[in-house]
Amino acid sequence: MTTTNTTINIRTYIDLSNSNIMECKVTYILRMLGIPAHINGYGYLKSAIIKVVDNPSYIYLITKRLYVDLGKEFDSSASKVERGMRNAIEKIDCDDFTKISFIGKAKDDYTNTEVITGISELLRCSRLMDDVE
């Protein structure tokens, strides 16, 4: 019996445009932090991080603009979005988060803004480094 050594190129099966690559990176980070994908807050966080990476001005209007826009996107209210994110953030392993963020030392609870800002800054720097290469 002969075996063939074939390499599957994932790019032939998945359209890896820049937005899909960013979504994959965000997914990887959130899963690495231990946030379960089945809770609503996971989707809210993922979308919020991508929005902030694409448009950094969102970070200054988290409650007035970002939560409202996410509520419309997910057919929910801004308060449910905020609460869902907080619930997801409670699942984060503090040691893992301090390893990937610029926040500093671990603490018991992070705010939504700290998590969104920390991850989006990491991804924005990663995007800038990719552009340089």
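**Helix packing and residue environments in an all-helical model**

Ser120 counts as buried, at a relative accessibility of 1%. The residue belongs to helix α6 of a model that is predicted. Apart from neighbours up to four places away in sequence, Ser120 makes contact with Ile49, Val52 and Val53. A further relation in space links Ser120 to Pro56: the C-alpha atoms of these residues lie 8.6 Å apart, although 64 residues separate them in sequence.

The protein chain contains 6 helices and 0 strands, and its elements follow one another from the N terminus as α-α-α-α-α-α. Of its 133 residues, 35% are classed as buried. The accessible surface of the protein chain amounts to about 8,600 Å², of which carbon and sulfur atoms contribute 53%. Among contacts with a sequence separation of 6 or more, 55% involve residues 24 or more positions apart.

The packing of helix α4 was examined against two other helices. Helix α2, spanning residues 40-54, packs on helix α4, spanning residues 78-89, at an angle of about 100 degrees and with an axis separation of 7 Å. The two helices are therefore roughly perpendicular, as an angle from 65 to 115 degrees is assigned to that class. On the α2 side, the contact is formed by Gly41, Tyr42, Tyr44, Leu45 and Ala48, and on the α4 side by Lys80, Val81, Gly84, Met85, Ala88 and Ile89. Classified by residue type, the contact of α2 with α4 comprises 8 nonpolar, 2 polar and 1 charged residues.

Helices α3 and α4 also pack at an angle of about 100 degrees, and their axes are 8 Å apart. The arrangement of α3 and α4 is therefore likewise roughly perpendicular. From α3, the residues Tyr67, Val68, Leu70 and Gly71 meet Ala78, Val81, Glu82 and Met85 of α4. This contact of α3 with α4 is made up of 6 nonpolar, 1 polar and 1 charged residues. Val81 and Met85 are listed on the α4 side of the contact with α3, and Val81 and Met85 are also listed on the α4 side of the contact with α2.

Within α3, Tyr67 was considered individually. With a relative accessible area of 5%, Tyr67 is buried, the limit for this class being 20%. Beyond neighbours within four places in sequence, the contacts of Tyr67 are Ile62, Ala78, Val81, Glu82, Met85 and Asn112. For one of these residues, Val81, the C-alpha atom is 6.1 Å from that of Tyr67, while the two residues are 14 positions apart along the chain.

Asn112 is situated in helix α6, which covers residues 112-132. Its relative accessible area is 6%, so Asn112 is also assigned to the buried class. Excluding residues up to four places away in sequence, Asn112 touches Tyr67, Glu82, Met85, Arg86 and Ile89. Glu82 and Met85 thus appear among the contacts of Asn112, and Glu82 and Met85 also appear among those of Tyr67.

A search for aromatic pairs over the whole structure returned 1 pair. The pair is formed by Tyr44 and Phe74, whose ring centres are 5.0 Å apart and whose planes meet at 80 degrees, so the geometry is edge-to-face. The two residues come from distant parts of the chain: Tyr44 is in helix α2, whereas Phe74 is in the loop between α3 (62-73) and α4, with their positions 30 residues apart. The partners were assigned to separate accessibility classes. Tyr44 has a relative accessibility of 6% and counts as buried, whereas Phe74, at 33%, is partly exposed.

The loop between α3 and α4 also contains Asp75. Asp75 has a relative accessible area of 75% and is classed as exposed. Its backbone is notable for a positive phi of about 55 degrees in a residue that is not a glycine. Most residues other than glycine have a negative phi.

Terms used. Residues are numbered from 1 along each chain as its sequence is written. This is a predicted model: local features need pLDDT of at least 70, side-chain atom pairs count only at pLDDT 80 or more; totals for chains, interfaces and linings use all residues. Side-chain values use heavy atoms; hydrogens and water are left out. Helices (H or I, at least four residues) and strands (E, at least two) are DSSP runs, numbered from the N terminus. Buried means under 20% relative accessible area, exposed over 50%, partly exposed in between (1.4 Å probe, protein chains only). Contact means heavy atoms within 4.5 Å. Accessible areas come from the Shrake-Rupley method with a 1.4 Å probe; for residues, only the protein chains shown count as cover. Axes are lines fitted to C-alpha atoms, for helices over the stretch in contact, and angles run from 0 to 180 degrees between N-to-C directions. Angles under 35 degrees count as roughly parallel, over 145 as roughly antiparallel, 65 to 115 as roughly perpendicular and the rest as oblique. Ala, Val, Leu, Ile, Met, Phe, Trp, Tyr, Cys and Pro count as nonpolar, Asp, Glu, Lys and Arg as charged, and the others, Gly among them, as polar. Rings of Phe, Tyr and Trp (its six-membered ring) pair if their centres lie within 6.5 Å; planes under 30 degrees apart count as stacked, over 60 as edge-to-face and the rest as tilted.
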